[in-house]
Amino acid sequence: MAEFAVRPRWVDWHCHLDLFPDHQALIVECDRSATATLAITTTPIAFERNVELAAGSSHVRVALGLHPQLVSSRAKEIALFERLLSRTRFVGEVGLDASSRHYSSFHSQLAIFERVLRACDEQGGKVLSIHSVRSVSKVLANLESNLRVGGCVPVLHWFAGSRSEARRAADMGCYFSVNSEMIRSGRSLPIDRVLTETDGPFVQIDQSPSTPRDVPAVVERLSSLLNLAPNELRSQIVRNLSEAIG
Ligand code: MN
């Protein structure tokens, strides 16, 4: 896999490393365990510091984000997002959130998401980690109308859509990152598009925030749901990441 000099053994394609007090120690752990980790950010202001901390890392990559739940207060930061975009091929967290708490900013979220997608499409080759709470069909419609097929790779994080929405997403080249809180959705996803994530610290395992070291447990649970040997699923996920990002 060209992106990683040392082939990853595990994949955590959505983790908020910068929301943990031991951010730097987690990066060291990801490198030691060869866990390909996408360090998600929620605001473009956080990007530089994340890049600094991950500069020497073999397995951590930093994504540039503007979280839909923060659009109500931080929409103006889209200008900074656009300025920083050429510095990375990884984007997230971006997307839409139509849950009742965030619905008041939904119009603004749509405008921001469209700008994000257009900028990504223009530069091409971006890998996006996308939030789609209560808005799967809107997210898919936006991907269809703003991204050229084959240009960028959308990864739907914590996907909660139907089987037919999963098919529609897969047909347009999407991948899906699965965490321990939504293992069962793994049943409706094409196995060659599945990645793992922890979404720490928002997802908890045994009452403590999930970190990249919980990926083997996610693989274990998903493999028993799918009736696969854990190691077989682990290699499939690494292959999927390789297909997705090269
Ligand atoms: Mn997240």
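Which strand gives the most to the lining of the largest pocket? In this predicted model, the answer is E5, with 3 residues. Strand E5 covers residues 127–133, and strand E4, covering 90–97, joins E5 in supplying at least two residues each to that lining. The largest pocket holds about 380 Å³ of space. Its lining is made up of 17 residues, and those closest to the centre of the pocket are His67, Gln69, Asp97, His131 and Phe202. Sorted by class, the lining of the largest pocket contains 9 polar residues, along with 4 nonpolar and 4 charged ones.

A metal site comes next. A manganese ion is coordinated by two histidines, His14 and His16, each through NE2, and by the side-chain oxygens of Glu93 (OE) and Asp199 (OD), at 2.2 to 2.5 Å. Written along the sequence, the spacing of these donor residues is H-x1-H-x76-E-x105-D. Why can a pair of these donors be said to tie together parts that are 77 residues apart in sequence? Histidine 16 sits in the loop between strand E1 (10–15) and helix H1 (23–32), whereas glutamate 93 belongs to strand E4, so the pair links these separate parts of the chain.

Glutamate 93 is worth a second look, this time for its backbone. The peptide bond that leads from glycine 92 to glutamate 93 is cis, with omega near 15°, and glutamate 93 is found in strand E4. Another cis peptide bond connects glycine 200 to proline 201, where omega is about 0°. Proline 201 lies in the loop between strand E8 (194–196) and strand E9 (204–205). A further backbone feature appears at glutamine 207, a residue other than glycine whose phi is positive, near 65°. Glutamine 207 is placed in the loop between E9 and strand E10 (208–209).

The helices can be considered in turn. Two packed helices are described by the angle between their axes and the distance between the axes. For helix H8 (residues 215–226) and helix H9 (residues 230–245), the angle is about 110° and the axes are 9 Å apart. H8 and H9 are therefore roughly perpendicular to each other. On the H8 side, the contact is made by Val219, Glu220, Leu222, Ser223 and Leu226, while H9 brings Pro230, Leu233, Arg234 and Ile237. By class, this contact of H8 with H9 has 6 nonpolar residues, 2 charged residues and 1 polar residue.

Finally, how many cavities of 30 Å³ or more does a search of the whole structure find? The search finds 1, and the largest cavity contains about 30 Å³ of space. Leu26, Glu29, Cys30, Ser33, Thr35, Pro212 and Arg213 line this cavity. Helix H1 provides the largest share of the lining, with 3 residues. The classes represented in the lining of the largest cavity are nonpolar, with 3 residues, and polar and charged, with 2 residues each.

Methods. Residues are numbered from 1 along each chain as its sequence is written. This is a predicted model: local features need pLDDT of at least 70, side-chain atom pairs count only at pLDDT 80 or more; totals for chains, interfaces and linings use all residues. Side-chain values use heavy atoms; hydrogens and water are left out. On a 1 Å grid over the protein atoms alone, a cavity is a set of points where a 1.4 Å probe fits but cannot get out, and a pocket is an open set with protein on both sides within 12 Å along at least five of seven lines; lining residues have an atom within 4 Å of a point. Grid points are joined across faces, edges and corners, and a volume is the space filled by probe spheres set on the points. Helices (H or I, at least four residues) and strands (E, at least two) are DSSP runs, numbered from the N terminus. Ala, Val, Leu, Ile, Met, Phe, Trp, Tyr, Cys and Pro count as nonpolar, Asp, Glu, Lys and Arg as charged, and the others, Gly among them, as polar. Axes are lines fitted to C-alpha atoms, for helices over the stretch in contact, and angles run from 0 to 180 degrees between N-to-C directions. Angles under 35 degrees count as roughly parallel, over 145 as roughly antiparallel, 65 to 115 as roughly perpendicular and the rest as oblique. Contact means heavy atoms within 4.5 Å. Donors are N, O and S atoms within 2.8 Å of the metal (3.2 Å for Na, K and Ca); water is not among the atoms, so sites may look incomplete.
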